[in-house]
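Me: Please take a close look at a single part of the model shown here, namely one stretch of paired strands and whatever covalent link belongs to it. A connected account would be preferred, with the criteria behind each term.

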Amino acid sequence: MENVRATSEGLLKLRPNERPFVLTRAAYAGTQRYAATWTGDNVSTWNHLNMSTPMLLSMGISGYGLVGDDIGGFAGTPTPDLLTRWIEVGAFNPIYRDHTTKGSGDQEPWVHGPVHEAIRKHFIEERYKLLPYVYTSVEEMSRTGIPLMRPLFLEYPQSPEFFDDDREFMFGHDIFVSPVTTEMLDVKAIQLPPGIWFDYWTGEKSSDKELKRLAPALDQIPVYVRAGAIVPRQPLVQSTSEMPVGPLELRVYPGSDCKGSLYADDGHSLNYERGEFLRVSYACQTGANSVKVTSTIDKDGYKPWWSAAEITLYGMNTAPKSVRVGDATIHEWRYDSAQHAVVFEIPDAKSNWTAEVVF
């Protein structure tokens, strides 16, 4: 711990206004103040993939939330299916790093042919699209200590049936992940937490009352979003240093206690300590024949990359009669019947706004 503290403080001395990033394997209680960590030299086996989730969850609730494991395993060479499954679940881990030792087989995402490459590419790209949600959740973690990757009992302490579940987890407050960590073809039984849930990939609505029995194909991992969530996403980029082009995307899943948030700063400097950051609160209300979505700027100290926002409103069984933004009726909207979603754009999303969809 003293080693990483000295490293962190030394970097700050050399570059006083740049955030240091230190990654350490050996650590002690309190080291999370100075460094991120990973789970050490794991092995390219299904057993170690299966062990990764409970290890990362345990680290998170012990106060060490910025953690990951070596995707694909450090020692040995993963089979094609194992590497693909590990890349899938890794997209929903705090640190997402494919890493292996010298002398092992190649395990870059593009090895093992076009089928595996396409699946891996899809999940890596999904991680980039989710960066606004990830960054917002990690900023929350830095203030509250609540980890990005959470055991179910942390979000649902009133449900003892989840107390022993260390294989599934919440990714932030709103996203439920049930990773596939076995090469067996058995049917996977999934018990959703209390409430209504939307399939992250298809928009299909489900209830916790139904026990889901799935046999996920190699390109599938069960991921659900709670009803009442508003999830910020961004257009695809190829690097965190690349500026996204296009509108901010807000996925709105109507339900009770419907809310979401967005935090943004420059990502590099310590200027956020001087108030140079953006914080936005979102909410939605469902009426008898309408859904209203609102955005409130809580702190306007940083200019984001986006000016417009694309709203995707899920759970809509019919096309709307009208869509209004403020006092103006907008006519450029579309209804996605496959995902039961209404999609429209807020032209000026950097100010407070209200949108109403009437059915």
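Reply: Two strands are taken to pair if DSSP finds at least two bridges between them, and a strand is itself a DSSP run (E, at least two residues), numbered from the N terminus. The model is predicted, with local features requiring pLDDT of at least 70 and side-chain atom pairs counting only at pLDDT 80 or more, while totals for chains, interfaces and linings use all residues. Residues are numbered from 1 along each chain as its sequence is written, and side-chain values use heavy atoms, leaving out hydrogens and water.

The part chosen centres on strand β18, residues 290-300. On one hand, β18 is joined to β17 (residues 278-286) by nine bridges, and these two strands run antiparallel. The connection between β17 and β18 is a hairpin of three residues. Within this pairing, Tyr282 has Ser295 of β18 as its bridge partner. On the other hand, β18 also pairs with strand β24 (residues 353-358), again in the antiparallel sense, over six bridges. Here Val293 stands opposite Ala355 of β24. Strand β18 thus has bridges to β17 and to β24.

Strand β17 also carries one end of a covalent link. The structure holds one disulfide (a pair of cysteine sulfur atoms within 2.5 Å). The disulfide is formed by Cys258 and Cys284, with a separation of 1.8 Å between the sulfur atoms. A value of 105° about the S-S bond makes the link of Cys258 and Cys284 right-handed. Cys284 lies in β17, whereas Cys258 belongs to the loop between β15 (248-253) and β16 (259-264). The two cysteines are 26 residues apart, and the pair links distant parts of the chain. The hairpin strand that leads through three residues to β18 is therefore also the strand in which Cys284 is found.

For comparison, another sheet of the model is parallel. Three strands form this open sheet, in the order β1-β2-β3. Strands β1 (23-24) and β3 (67-68) stand at its edges, each with a single partner strand, so one side of each has no neighbour in the sheet. Two bridges join β1 to β2 (residues 36-38), and Leu23 stands opposite Ala36 of β2. The pairing in this sheet is parallel, whereas β17 and β18 run antiparallel.

Notes: Helices (H or I, at least four residues) and strands (E, at least two) are DSSP runs, numbered from the N terminus.
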